[in-house]
Amino acid sequence: MAIQKKLKQKTRNFIESKHMLSGITVASFLESTIVPIPLEAVLVPLMQARREKLWLIALMATLGCIVGALFGYALGYYLFDAVGDWVINSFSSPEQFENVKQQMHNQGFWFVITLGIVPIPFQIAMLAAGATKYSLGLFLLASAISRAIRYFALAVVVYYAGNKAEQLISKHKTKAMITLTVFVIGIWWVTTVI
């Protein structure tokens, strides 16, 4: 019980801290690079507690992720030969990564957007984009769009649902992810037909 009480107090202190926004940016950077744990578990309660900074929290989380995506891209671009095997074995498999590389060459923009929205470690898209020398500008644009969709969608839910947002999100998360993924894949398919 003492640990849980300390954790709650530290969380309250963080929420009221002047470093809250920079902390969210750093947490988002870490989530997109090293720690493949969804940031939503922290963002939703924080957004509920600090509604006056709701949109700023979503923006800072998006910016942290974009910086993390740039870091992951650079890692794939410059150091893939040195660390690629370790990363692939930690987050994926060689067969899965070869499939990712092929997708990057064929439909990189939509591939990055899809991986940025669905609950799959985004590190795969970052490394694949860097390792395959995919256009940095298109990669950053796709990363920004996908993560903004995730984080600003959470902000919209908190804005309208208030304190019931966390319960609402946990109840409908799977349906929302499936709907959003089908929507993005549908747009992706339309762009390949046109």
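The expected span of a helix is 1.5 Å times one less than its number of residues. Keep that in mind while looking at this predicted model, starting with two of its helices.

| Helix | Residues | Length | End-to-end C-alpha distance | Expected span |
|---|---|---|---|---|
| H2 | 20-33 | 14 residues | 20 Å | 20 Å |
| H5 | 94-117 | 24 residues | 23 Å | 34 Å |

H2 comes out close to its expected reach, whereas H5 falls short of what a straight helix would give. Where does H5 bend? Look at Gln-107: the helix turns there by about 120 degrees.

Back on H2, the buried residues are Met-20, Leu-21, Ile-24, Thr-25, Ser-28, Glu-31, Ser-32 and Thr-33. It helps to remember that an α-helix has 3.6 residues a turn, so residues three or four places apart point the same way.

Next, Thr-62, which sits in helix H4 (residues 54-91). Is Thr-62 buried or exposed? With a relative accessible area of 5%, Thr-62 counts as buried, because the cut-off for that is under 20%. Leaving aside neighbours within four places in sequence, Thr-62 is in contact with Ala-144, Arg-147, Ala-148, Tyr-151 and Phe-152.

Finally, the largest pocket. It holds about 350 Å³ of space and has 13 lining residues. Helices H7 (136-161) and H8 (165-193) are the elements that each give two or more residues to that lining, and H8 provides the largest share, with seven. Lying nearest the pocket's centre are Arg-150, Ala-153, Leu-154, Val-157 and Ala-176. By character, the lining splits into nine nonpolar residues, three charged and one polar.

Technical notes:
Residues numbered from 1 in each chain as written. Predicted model: local features only at pLDDT ≥ 70, side-chain atom pairs only at ≥ 80, totals over all residues. Heavy atoms only, no water. Helix = DSSP H or I, 4+ residues; strand = E, 2+ residues; numbered from the N terminus. Bend = angle between axes of the 7 residues up to and from the residue. Buried < 20%, exposed > 50% of the residue type's maximum accessible area, 1.4 Å probe, protein only. 1 Å grid on protein atoms, 1.4 Å probe; cavity = no way out; pocket = protein on both sides within 12 Å on 5 of 7 lines; lining within 4 Å. Points joined across faces, edges and corners; volume = space filled by probe spheres on them. Nonpolar A, V, L, I, M, F, W, Y, C, P; charged D, E, K, R; others polar. Contact = heavy atoms within 4.5 Å.
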